[in-house]
Amino acid sequence: MSQTIYQSFGYILPETILSVFFVLTLLTSIVGKRRSKYLPAYMALLGFVIAGIFVLNQMGTDELVFSGMYAVDPFSWFFKVIFLVAGILIILFSLQSRELEATATKYAEYFSLIISLTIGAFFMAGATNLLMMYLSLELVSISSYILSGFTKESARADEASLKYVIYGAFSSGLMLYGISLLYGLTGETNLYAFNQTLAIGGIQRITILIAVVLILAGLGYKISAVPFHFWTPDVYEGAPITVTAFLSVTSKAAGFAMLMRFFKIGFIDVGAQPVVAGMWEIFKGFRWTDIIAALSVLTMTIGNLVALWQTNIKRLLAYSSIAHAGYILMGFVTLSNFGMSAMLMYFVAYLLMNLGAFYVVMLVANKYHTENIEDYKGLGYRSPYVAFALTVFLFSLTGIPPTFGFIGKFYLFAALIHTNYIWLAIVGVINSVISLYYYLNIARNMYLRQPSETSRISFDFGTNLLMTLLIVPNILLMLYFSPVLAWAQNSVTMFGIR
Amino acid sequence: MNWYDIIFYAFAVITVVSAVGVVFSRNILYAAFSLLFTFFGIAALYVLLTADFIAVTQILLYVGGILVLIIFGVMLTSRAFNVEVKRGFLKRIPAVFVTAALAGTLIGVLTTTRWPSVNFLPYEETARPIGVLLMTQFVLPFELASILLLVALVGAVIIARREKEKRA
Amino acid sequence: MTLLHLAIAVLFLPLSGFTLLIFFGKKIRRSDLVETAILFVALAFSLYIMIEKLFILHLGTLDLTFRWIDIGALVGHPGFVLDLGIAIDNITAIMLVVVTLISSLVHLFSLGYMHDDIRYTRYYAYLGFFSFSMLGIVLSNNILMMYVFWELVGISSYLLIGHWFEKKSASDAGKKAFIVNRVGDVGFFIGIMIVFTSLHTVLFSGIFKGIAAGQLSGPLLTAAGILIFCGAVGKSAQFPLHVWLPDAMEGPTPVSALIHAATMVAAGVYLVARVYPMLDADALTVIAYIGAMTAFLAATIAITQNDIKKVLAYSTISQLGYMILGLGVGAYSAGFFHLVTHAAFKAGLFLGSGSVIYAMHHEQDMRNMGGLRKKMPITYWTFVIFSLSISGIPLTSGFLSKDSILGGALAYGMLSGNYIIPVLGYGVVFLTAFYMFRLIIVTFHGEPRDLHKFEHAKESPAVMTIPLIVLASLSLFIFYTFNPFSPESSWIMKDVVKPESVVPAAQSRGWSKPAVIETAMSPTASSTSSQAQSGTKSVTYYEEALEESHYFGMGLSLTLAFLGILAAFIIYHWKKIDAEKLKQSVKPVYTFLLNKWYFDELYGATVVAGTVRLSRMMAWFDGHIIDGIVNGAATVTRGASTLSGQFDHYVVDGLVNFSARFTGLLGRGARQVQTGKIQTYIVFALLGVIIIFFAFRQF
Amino acid sequence: MNLHVGLTDFLIVSAILFSLGIYGVVTRKNAIMVLMGIELILNSANLNFVAFTRFGLMNLTGQVVAVFVIILAAAEAAVLLAIVLNIHQQLNTVNVDEVDKLKN
């Protein structure tokens with residue numbers, strides 16, 4: 001139940017810890033040597049680990065705190081775990097990034113910004129208030145603008161950050177305008193109040209539609225759904241690889257969490273009896289699933305089609321991540337707990353495979369100094385283990401069986417078929433087939449093409465270990481996914497909503 | 001027609017006209033000064049809406065803070081004050097079209113919507129209740145905003161700072 | 001719970017060693033020692049588990065089951081759950097020790113034997129992987145996981161046998177082992193499928209429960225039992241799939257000791273022991289006959305072999321036959337006991353032969369040896385102990401286990417009338433003693449035949465002799481019982497109790513009273529009401545028979561064993577009978593045996609040639625008949641096809657090309673939108689907002 | 001008081017500001033002028049919040065939100081200007097049209 005403000009502080013311990021470590025990590029720049037990356041990185045890691053302990057402690061909590069501002073529920077818990085894992089992995093990746101080393105002398109700021117982005121993502125996942133949604137989204141955005149332009153000697157990164165900040169500020173402006181309209185309609189910024197107002201009825205749908213579409217523009221920009229995706233390829237290509245990987249997972253997942261919570265809490269008819277168990281009823285007349293379905297189809301189709309033409313692997317992965325947003329959106333169209341748990345499962349898969357792929361891309365960029373797909377020729381001979389790892393991740397991204405990506409896609413499609421969205425499932429399958437082409441093209445380059453140079457390049461122990469740590473769950477979870485499934489199924493609960 | 005209406009229309013016109021100036025002015029400094037008038041106009045509108053605290057904040061932060069920031073930005077980035085390169089005429093057509101469509105739709109929807117209540121309330125003091133709200137109901141956004149400002153501060157500094165040890 | 005966790009540690013220790021060596025083997029100095037140390041840790045854990053479980057806590061079966069897959073969410077499907085896990089009962093606890101003991105000793109031995117190998121690290125990695133797989137088989141509490149580990153054992157043995165893959169014979173032997181094993185595994189897999197489709201579980205406990213509840217019975221149950229046994233036939237090298245094992249001697253000798261004495265081949269026996277409760281009378285009879293046949297066949301071949309390792313290989317097959325025979329006749333505890341004792345003395349024999357081969361610079365033909373007794377005293381004396389043990393001479397462990405198997409076989413023969421089984425069993429006793437002492441005499445006694453190699457021969461280093469001494473001491477009775485003449489008093493016989501059969505009474509082997517023996521053997525004879533009593537009585541009758549046969553059996557086997565040893569000494573040591581002359585006089589038999597009953601030739605002529613002939617037939621059929629039809633039809637369809645070809649070319653290809661090009665163009669079009677100018681992006685996003693708004697105005 | 005000016009008048013002003021802001025964002029080539037457009041958008045939203053608070057028989061939530069939005073606008077402006085300054089340093093331009101090397 002709702003908590004008093006004093007009690008509420010007990011529920012944001014992980015966020016508080018992260019904030020404290022944000023400051024501490026910043027302060028390491030005073031204490032340590034300016035060029036040392038280890039002190040801030042370890043400080044940030046420590047912060048993540050301690051926050052992780054507190055997050056784990058919150059398992060099963062289902063509370064609404066700070067007078068309905070923020071929900072600490074299984075749903076947000078799920079995402080918090082994802083953010084923490086992603087954050088830790090990104091810090092580990094960053095320690096090896098040559099890109100950062102070449103330009104940045106500001107490691108303390110870099111790692112503290114990773115923490116601040118994670119704080120924003122935490123709040124995004126739990127925000128039940130329009131103001132909180134806006135503020136947390138802005139926190140994530142501002143952190144990511146700075147991160148994407150972090151290597152500022154690189155013209156690409158500068159361009160990326162400029163485009164990002166203009167596009168982001170504009171989108172959040174649209175969203176804010178939409179929020180103001182919703183506020184005008186209900187007199188509250190609280191999502192639950194909005195739901196109650198809808199339940200009473202008597203509000204013009206057209207106004208709600210325009211408000212929701214404007215808010216959708218803000219959310220769509222975060223999850224890079226077509227037609228709000230345009231910034232994605234440019235920013236992903238321009239930003240440092242570690243940042244790109246971070247944005248593609250944490251920022252996107254946070255956007256999805258917010259999207260799901262906004263629509264689910266706002267538009268579910270709590271009083272209605274569901275026709276099918278596990279499905280939700282939305283207020284009559286608000287068929288926003290059609291909008292989501294349309295966005296989903298557009299997003300995955302355009303993402304995949306444009307990816308076919310890419311020659312830069314970062315840009316290709318950017319389009320691929322757009323396509324994956326489309327896949328994940330499919331699960332939301334079903335309006336069911338099944339679909340939602342499928343989406344959550346997909347996030348786990350997406351985290352593992354996408355971060356893995358970006359990691360390999362970073363390693364290759366470190367040692368081979370290229371991001372060009374053509375230059376991946378013969379990687380299978382030159383660095384066998386790295387090539388193997390990339391193949392696993394690409395298989396997972398395509399959704400081919402011995403990987404967890406397959407299970408993720410399988411459950412998404414199953415959810416669609418379960419709720420009779422067969423046409424959407426077919427579109428999804430066709431898209432997967434298209435994606436097969438460009439993913440396997442990389443694998444073909446690595447194994448079937450002769451390299452122009454044949455010297456072998458090997459990687460050190462830590463690198464191989466980290467890579468193994470990413471490969472193993474990708475395969476292991478295909479064989480034994482029940483815990484993830486159970487976790488996802490338990491995590492569809494949002495506070496106050498069945 | 002009473003004084004309130006007249007004042008409203010006067011400030012509304014000032015606001016809109018100066019906003020047009022911001023958007024269409026060729027000279028960046030003129031645009032910045034037009035923006036000043038827009039902010040003032042909006043602040044006046046806030047006063048009309050009996051939101052005195054917001055009005056003051058608007059003037060303090062926007063005029064005193066953001067606008068100064070913008071002007072600094074203009075000065076730091078422009079050799080002459082007129083950097084606005086010629087605008088491509090063709091690109092303005094779709095822009096005008098899209099914006100007009102948007103404005104039309106918005107105004108159409110907003111004017112036809114029955115908003116929950118349109119009673120005009122008598123003036124009440126706002127500074128104290130807002131302060132109380134900030135410390136009670138809105139304490140979490142308040143904290144979040146503080147982190148956000150810190151991040152923005154740090155970010156702005158590291159991005160804008162000239163590197164002393166810049167490499168060749 | 002702690003014991004289970006310890007068991008999980010035991011399982012994963014060798015795997016961690018494997019991972020370490022595969023990935024970082026080159027980085028770690030003396031990675032071999034790391035791997036060996038890991039195995040000794042696993043051994044210590046296993047010993048602790050066994051002692052805790054059997055002697056201190058006297059625990060029942062420990063079980064750790066987890067839900068592997070639970071698909072309840074898919075509507076339109078009744079749901080599907082699969083539980084997996086590990087369990088430790090008495091035989092598991094003992095097997096853990098056996099596997100880790102032999103494995104760790106082999107690791108130790110290999111430090112000396114494999115020292116100069118080029119792929120030394122990889123060899124140790126494979127050893128670790130093999131140990132992991134084997135421990136997995138032992139610990140699984142379900143047939144699915146067991147099958148997976150079963151295949152892993154297959155793979156790792158393939159890698160180990162083919163370790164010297166530059167030698168064609170070695171890589172061929174690896175392939176042969178793999179393929180022959182697959183034949184048995186296919187049967188095993190079908191058996192698993194039968195069980196799973198009718199019982200919807202893979203847990204052994206669930207399977208037995210389901211069978212007890214009558215969900216699987218009749219011929220299908222018999223078939224399931226025999227098919228699962230097929231797996232054991234392959235892995236334990238039983239007739240007729242025994243052909244891979246002798247060839248597998250191409251692998252390094254310590255590998256032979258590990259794989260072919262104690263672990264991999266014992267897996268089959270372990271499998272039969274595991275699924276024992278679900279085997280019905282018919283299946284058990286099949287098993288008993290296969291076992292007896294194997295024991296006899298292999299023993300006869302062993303007599304004629306001259307390669308020291310080949311003799312041991314056939315001896316292994318023969319002893320495995322004993323174990324299977326023991327299980328088949330119902331002497332469950334004895335069969336398992338023999339598995340344990342055999343693991344010790346056979347591993348010892350292999351390692352001893354390895355020691356000899358090492359000393360003789362990789363000479364394996366015993367005709368070139370001789371007189372090594374004085375040069376290698378430790379090897380010699382341990383070898384003698386192992387041989388006495390395998391021959392079943394009192395005061396050794398082999399005597400205990402072998403004697404009880406033979407007693408069981410005799411009782412079984414008396415009860416069921418299958419006299420051929422005990423006859424074969426006792427025959428093999430003679431043969432075993434004979435070929436083992438032939439081996440000893442030819443190798444260690446007499447005059448050296450190859451003086452040059454003899455000169456350089458010397459006792460092996462301590463890392464190689466210590467395992468021999470350990471194993472030799474384990475081949476003495478004292479570790480198993482204090483009374484050297486009473487197998488029943490050994491702790492293994494006490495702790496390994498024959499599990500209750502869950503087979504429906506009509507199908508089980510009920511020895512209610514002597515008069516009904518024949519009818520009880522046939523499934524339909526007895527009525528259900530009398531089964532309740534016969535179930536309890538059957539044990540009594542079988543035990544009575546055991547009791548009766550005990551002393552007679554013991555006497556008989558001892559006599560035969562001594563006769564065998566005597567014959568060996570007469571022929572090869574004192575040379576009272578000229579071996580050559582003997583060979584000449586029974587030349588046809590001798591050649592027959594020397595050529596291993598012509599099994600390889602038989603398979604070559606039937607299976608291989610059959611396949612070749614079949615494919616030739618197919619080719620002929622294809623060339624003459626199909627082509628004829630096709631050609632005839634072709635003329636008819638040519639006209640049509642021209643037409644359709646045109647259609648294909650212009651319409652279908654066009655469509656395909658078009659769709660491909662269209663997708664490409666779409667992508668290219670969408671790509672053109674990405675101009676790189678941020679304001680274009682914003683305009684498109686705005687257009688998107690407006691379009692969405694108008695498209696969904698109806699909401 | 002008998003008023004003609006009501007909620008809708010304020011909303012219309014804000015809608016016009018919003019549209020002008022968008023126009024500015026879309027057409028202006030100088031990045032700082034784009035920022036001005038964004039400020040207009042944020043101000044229009046703020047005007048909405050305050051107007052709704054006043055006319056809507058409601059609490060002060062809207063005004064509190066407006067305070068936050070102003071704070072945010074400042075933060076965003078600072079970051080955007082910093083990025084623009086950096087672009088100016090590195091690429092010697094503030095024209096957003098010329099920053100288009102990443103495309104397709």
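**Chain interfaces and aromatic contacts**

In this predicted model, the rule finds zero salt bridges across the interface of chain C and chain B. On the side of chain C that touches chain B, six residues are nonpolar, one is charged and none is polar. Polar contacts are likewise not found: zero residue pairs across the interface of chain C and chain B meet that rule, which is applied to pairs with both residues at pLDDT 80 or more. Seven residues from chain C and six residues from chain B take part in the contact. Between chain C and chain B an area of about 550 Å² is buried, and carbon and sulfur atoms give 90% of that area.

A second interface was examined between chain B and chain D. Here 86 residues of chain B are in contact with 72 residues of chain D. The area buried between these two chains is about 7000 Å², with 77% given by carbon and sulfur atoms. In chain B, the residues that lose the most area to chain D are B:Val23, B:Leu49 and B:Thr77, which together account for 9% of what that side buries. The rule finds zero salt bridges across the interface of chain B and chain D. Polar contact, in turn, is counted for nine residue pairs between chain B and chain D, with both residues of each pair at pLDDT 80 or more.

Aromatic rings were considered next. Over all chains, the structure holds 66 aromatic pairs. One of these is formed by A:Tyr110 and A:Phe111: the ring centres are 5.1 Å apart and the planes stand at 80°, so the pair is edge-to-face, an angle over 60 degrees being counted in that class. Both A:Tyr110 and A:Phe111 are buried. Elsewhere in chain A, one aromatic cluster is formed by A:Phe75, A:Trp77, A:Phe78, A:Phe79, A:Phe83, A:Phe122, A:Phe256, A:Phe347 and A:Trp487.

Aromatic rings of chain A also lie beneath charged groups. A:Lys106 is placed over the face of A:Phe150, at 5.2 Å from the ring centre. In the case of A:Lys409, the charged end sits over the ring of A:Tyr327, and the distance to the centre of that ring is 4.4 Å.

Note on methods
Residues numbered from 1 in each chain as written. Chains lettered and ligands numbered in written order. Predicted model: local features only at pLDDT ≥ 70, side-chain atom pairs only at ≥ 80, totals over all residues. Heavy atoms only, no water. Contact = heavy atoms within 4.5 Å. Buried area = accessible area lost by both parts, 1.4 Å probe. Salt bridge = Lys/Arg side-chain N within 4 Å of Asp/Glu carboxyl O. Polar contact = N/O pair within 3.5 Å; in protein donor to acceptor, adjacent residues only side chain to side chain. Nonpolar A, V, L, I, M, F, W, Y, C, P; charged D, E, K, R; others polar. Phe/Tyr/Trp six-rings, centres within 6.5 Å; stacked < 30°, edge-to-face > 60°. Buried < 20%, exposed > 50% of the residue type's maximum accessible area, 1.4 Å probe, protein only. Lys NZ or Arg CZ within 6 Å of the ring centre and 35° of its normal.
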